Amino acid sequence: MSDVRNPAFTPLQLAEVRRLQALYPDPRGALLPVLHLAQETFGYISLEVEQYVGALFDLTPAHVHEVVTFYTLYFRAPKGRHVVSVCHNLSCHLLGAKTVIEHLTQRLGVEVGATTADGRVTLLTVECLCACEQAPMMQVDDRYEGHLTPEKVDRILEGLR
Amino acid sequence: MTEKIFTRNFHRADSHTLSVYRETGGYTAVAKALSMKPATIIEEVKKSNLRGLGGAGFPAGVKWSFIPEGSPAPKYLVVNADEGEPGTFKDRYLLERDPHAVIEGMLIAARAIDSRLGFVYIRGEYVQPWRIFSAAVREAYDAGLLGKGSGFDFDIVVHRGAGAYICGEETGLLSSLEGKKGWPKIKPPFPAIKGAFGQPTIVNNVETLAAVPHIINRGALWFSGLGTKTQGGTRLYSVSGHVVSPGVVEAPVSITLRSLIYDECGGIPNGRRLKAVVPGGSSAAILTADEIDVAMDVDGLKDAGTMAGSAGVIVMDDTVSIPEALMVVARFYAHESCGQCTPCRESTGWIYKIAHRIVEGKGRKEDLDTILDVAKRGAGTTICAFYDGAVGPYISYVEKFREEFEALIRSGNGA
């Protein structure tokens with residue numbers, strides 16, 4: 001059984017890795033996309049996942065670690081079933097990001113950076129997501145949610161199981 | 001009413017599809033470009049006065065001409081869709097609502113620089129734009145517009161980033177595309193000589209490429225005539241903050257900041273007054289309410305001591321605390337500094353700490369001069385333009401709103 005401690009892609013996923021690698025003049029160009037695939041598959045990028053992915057690219061675990069730690073979208077610890085990332089950059093700040101963040105910490109009962117005890121939601125603050133026309137806004141998993149009010153935030157949270 | 005180029009189809013729900021793009025003349029420009037010599041295409045784009053619309057404002061045709069002529073090396077075209085400059089969101093609209101204009105612009109640029117392979121680097125958070133753009137690329141393949149044997153012999157790889165502002169810097173982007181952390185590289189060599197995977201590469205912004213089909217179809221003179229003497233065309237302004245109607249506004253580059261705020265976006269809501277505006281993304285120096293009678297083109301804003309940048313316009317009304325705004329912006333630069341160059345890594349961190357303590361009421365008398373001193377010393381000493389971008393707000397916020405900072409420091413309990 002493959003998991004974050006003993007990661008292994010399925011044959012189908014390995015074929016996808018080879019396909020991605022073949023798209024670039026140097027197969028290492030596919031490292032970021034393959035790390036996305038690894039995170040979707042294993043939940044987060046553990047040291048074991050770094051080592052496993054490194055081997056697929058003939059890269060040292062140190063190189064992969066350097067990459068994983070550089071970018072914000074790779075998680076190095078278990079995350080909640082949903083990730084809520086609230087923008088706290090300038091336009092959202094001007095239009096009430098602080099209120100949104102306070103409301104979320106209160107409703108979820110966690111500080112920014114933490115995951116609810118039931119593993120449902122990880123709450124983060126992030127820099128500009130470039131949807132300032134909808135400020136204040138946040139990203140909920142793959143979606144952008146804008147024009148946030150406490151009421152709208154509550155409705156969104158209710159939809160997260 | 002000026003003519004809309006980029007946004008002409010935005011109102012249509014299916015504007016991202018090939019059929020709608022074709023209905024409005026899509027993919028006729030690339031057919032025309034095929035009958036033109038590469039050098040003629042470059043000449044036409046030079047004459048159009050199309051400036052790079054990602055931030056630096058470099059003339060697009062001139063950039064293309066830096067690719068060594070007749071070089072047998074593979075050449076790559078890279079689209080910078082790593083939109084991240086705070087206050088900017090126009091590339092997201094283009095990726096979602098007019099992806100085929102970007103693809104057609106790529107095909108024409110590829111012919112101009114003799115490239116067979118292009119990459120579109122989309123920021124990792126843009127999942128929806130990435131899906132829509134990828135679907136458009138598949139549609140173009142299915143229609144025989146892309147791939148070997150298509151007549152264009154050009155392939156597009158859509159690449160997702162993973163969250164790092166610095167990858168919007170073109171050499172940082174290339175490092176990232178090569179499977180590394182996004183550290184910028186020293187120039188020269190410029191990417192046109194040694195870029196992605198060590199080969200000659202052109203990196204263009206999404207909007208810059210989306211303009212190209214229109215230039216080829218309607219001519220350089222038409223495009224240059226829409227703008228100022230040194231910059232052609234319209235461009236997309238991302239307007240946010242305290243305006244009645246925030247959003248993407250397409251306007252000629254000669255529009256004034258005042259007209260953009262009051263005529264296009266309905267002015268300041270709730271009966272408040274304008275206090276300040278950031279005209280070109282957070283890295284642009286701030287303008288006060290009495291500095292908005294300025295043209296929004298690259299050179300107009302340069303003359304006003306700020307920059308057009310990514311055309312992200314952030315409007316602040318008179319309720320805004322400028323020290324708090326500086327803290328928010330400084331936090332961003334401290335978080336996003338890639339850490340490679342000491343002046344940037346250290347200064348961004350320290351200036352954030354100082355701005356934070358000022359806001360907390362713990363500012364010290366000497367803090368403002370320290371910020372200015374640190375900002376000015378570091379400018380121009382780093383590998384890329386990131387720190388110079390941070391210096392824009394550091395200096396302008398403090399110099400233009402010094403009294404507000406001083407009052408806050410005086411009222412606090414700092415040493």
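Select strands β1 (residues 82-87) and β3 (residues 138-140) of chain A: the two pair in the antiparallel sense over three bridges. Strands here are DSSP runs of E with at least two residues, helices are runs of H or I with at least four residues, and both are numbered from the N terminus. Pairing requires that DSSP finds at least two bridges between two strands.

The model is predicted, so local features need pLDDT of at least 70 and side-chain atom pairs count only at pLDDT 80 or more, while totals for chains, interfaces and linings use all residues. Residues are numbered from 1 along each chain as its sequence is written, and chains are lettered from A in the order in which they are written.

Next, pick V86(A); opposite stands M138(A) in β3(A).

Widen the selection to the whole sheet. This open sheet has four strands in the order β2-β1-β3-β4 (chain A), with mixed pairing. At the edges are β2 (121-126) and β4 (143-145) of chain A, each pairing on one side only. On average, neighbouring strands of the sheet are turned by 25° against each other, direction ignored.

Now add helix α6 (residues 97-108) of chain A, which lies across β1, β2 and β3 of chain A and runs at about 155° to β1(A). Such angles run from 0 to 180 degrees between N-to-C directions, with axes fitted to C-alpha atoms, for helices over the stretch in contact; contact puts the C-beta atoms of two residues, placed from the backbone, within 7 Å.

Finally, show all of chain A, with its seven helices and four strands. From the N terminus on, the elements run α-α-α-α-β-α-α-β-β-β-α.
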